[in-house]
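Me: Please take a close look at one part of this protein for me. I want the part where the two domains meet, with the strands and loops that lead up to it.

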Amino acid sequence: DPQQIELTTTSKRKLRRFIVIDEVVDKLYGSKVREYFEQNNVQHKILSLPTTEETKSMDLVLNILHEVQNFSLDRRTEPIIAIGGGVCLDIVGLAASLYRRRTPYIRVPTTLLSYVDASVGAKNGVNFLQCKNKLGGYTPPVASFLDRSFIQSIPRRHISNGLGEILKMALMKHKGLFDLLKNHGKYLLDTKFQSCNSFADDGDAALQTTRIAIETMLEELAPNLWEDDLDRLVDFGHLISPELEMRVLPSLMHGEAVNVDMAFMTYVAHARGLLAAEEKEQILQCMRGLELPVWHSGCSWALIQRALRERLKHSGGQPRMPLPTGLGVADIFNDTSEETLERAYELWVRD
């Protein structure tokens, strides 16, 4: 809004910012964040919090809101800034949406998963009654600031975890992205998604991979931001994984649980005749190359049945099952039989 920009830049009032930062990120980058605000003469409050799936609750949201109230935030000109992984961005997004009915906020993702997933779209939320993101809303940020240099300080497993969501978009929408992951997965893990020179160009694997992942995610989300249409390719890997992830916490990270789901659904696609055996093996080989789990003992047949029943409750009585129909192409299916699912499960466990 040009009027708000003019008001902010011409105002005699000192700039003020409220920042929520994940406590691990604070240890690594907190001094730089504080130095930035001090050098720019910005009055600021930095709230450092443990933001994990186990702490992702309304209690933490209310904790943030108490601090926001004490800071006397102006909701028109002082956006809340969230710096952290996907859990941090989700929690802060929900807190901002509740304060004065809607306060602007900015996402600064610091993990690969949040860089390509949580930074995009409008959703926010917290876990409730042992269910993932059971409480939440749709409030997009006013901006997402993307900086891959954050990723260099996260453990290798966290990078693999983020590659799970990138692979999801590759399998659903982009054969070129799949080929990038298949051919450069180990390199991306080894280099932690840092560009090979100081000037990232179009030939840089890290830049290409993240750009295509975000662009394909935006293509899917932008026309359906409020999920009015429940047929969503981005739900691939998210039919069974919410139940699995919460059941086995903390043994699986989000992207890992998504990949276990995708591996099973790859077998379902093969059992239905949508994928050739060679394509199925290419997908599994790519997953292993990205150091992602392709099976988990907690993903029992009973859990799969329970998760799919839960899916029916929240998707208009249809399973709306996204399945790959080739490498980089997919469709939504509502007619997968119990017999096919069970046969796919038996083959998956056997392999």
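Reply: What follows goes from the domains to their interface, then to the strands, loops and turns around it.

The model is predicted. Start with the domains. The domain assignment gives domain 1 as 2-152. Domain 2 comes in three segments, 156-193, 202-224 and 233-350. Taken over C-alpha atoms, the centres of domain 1 and domain 2 are 29 Å apart.

Now the interface. On the domain 1 side, 18 residues are in contact with domain 2. On the domain 2 side, 26 residues take part. Together the two domains bury about 1800 Å². Carbon and sulfur atoms account for 71% of that area. Which residues of domain 1 lose the most area to domain 2? They are Leu 112, Leu 113 and Arg 148. Together these three make up 31% of what the domain 1 side buries.

Next, the charged and polar pairs. Between domain 1 and domain 2 there are 2 salt bridges. Lys 134 forms a salt bridge with Glu 310. Their closest N and O atoms are 3.5 Å apart. The count of residue pairs in polar contact between the domains is also given, and it is 2, with both residues at pLDDT 80 or more.

Which elements supply the domain 1 side of the contact? Two of them give two or more residues each: helix H5 (112-118) and strand E6 (131-138). H5 gives the largest share, 5 residues. By type, the domain 1 residues that touch domain 2 divide into 8 nonpolar, 4 polar and 6 charged.

Look closer at E6. Its partner is strand E5 (residues 123-128). The two run antiparallel and pair over 5 bridges. Lys 123 stands opposite Tyr 138 in E6. Gly 125 has Gly 136 as its bridge partner in E6. E5 and E6 form a hairpin with 2 residues between them. Leu 129 sits in that turn and has a positive phi of about 55°.

E6 also takes part in a salt bridge with a loop. The side chains of Lys 132 and Glu 53 meet there, with an N to O distance of 2.7 Å. Lys 132 lies in strand E6, and Glu 53 lies in the loop between E2 and helix H3 (58-71), so the pair ties together parts that are 79 residues apart in sequence. The overall count of salt bridges is 28.

Glu 53 leads on to the open sheet. This sheet has 5 strands, in the order E2-E1-E3-E4-E7. Their pairing is parallel. Strand E2 (43-49) and strand E7 (143-144) stand at the edges, and each has a single partner strand, so one side of each is left without a neighbour in the sheet. Within the sheet, strand E3 (residues 80-84) pairs with strand E4 (residues 105-109) in the parallel sense, over 5 bridges. Ala 82 stands opposite Arg 107 in E4. As background, side chains in a regular strand alternate between the two faces of the sheet.

One backbone detail comes before E3. Ser 72 is found in the loop between H3 and E3. Ser 72 has a positive phi of about 60°, although it is not a glycine.

Now the other domain. A cis peptide bond joins Leu 249 and Pro 250, with omega about 0°. Pro 250 is found in the loop between helix H9 (241-248) and helix H10 (254-271).

Further along the chain is another hairpin. Strand E8 (residues 321-326) and strand E9 (residues 329-333) pair in the antiparallel sense over 5 bridges. Pro 322 has Ile 332 as its bridge partner in E9. Between E8 and E9 there are 2 residues, and Gly 328 in the turn has a positive phi of about 90°.

To pull the part together: H5 and E6 each give two or more residues to the domain 1 side. Lys 134 bonds to Glu 310 by a salt bridge. Lys 132, in strand E6, pairs with Glu 53 in the loop between E2 and H3.

Note on methods: Residues numbered from 1 in each chain as written. Predicted model: local features only at pLDDT ≥ 70, side-chain atom pairs only at ≥ 80, totals over all residues. Heavy atoms only, no water. Pairing = 2+ DSSP bridges. Helix = DSSP H or I, 4+ residues; strand = E, 2+ residues; numbered from the N terminus. Domains from an automatic or database assignment. Contact = heavy atoms within 4.5 Å. Buried area = accessible area lost by both parts, 1.4 Å probe. Salt bridge = Lys/Arg side-chain N within 4 Å of Asp/Glu carboxyl O. Polar contact = N/O pair within 3.5 Å; in protein donor to acceptor, adjacent residues only side chain to side chain. Nonpolar A, V, L, I, M, F, W, Y, C, P; charged D, E, K, R; others polar.
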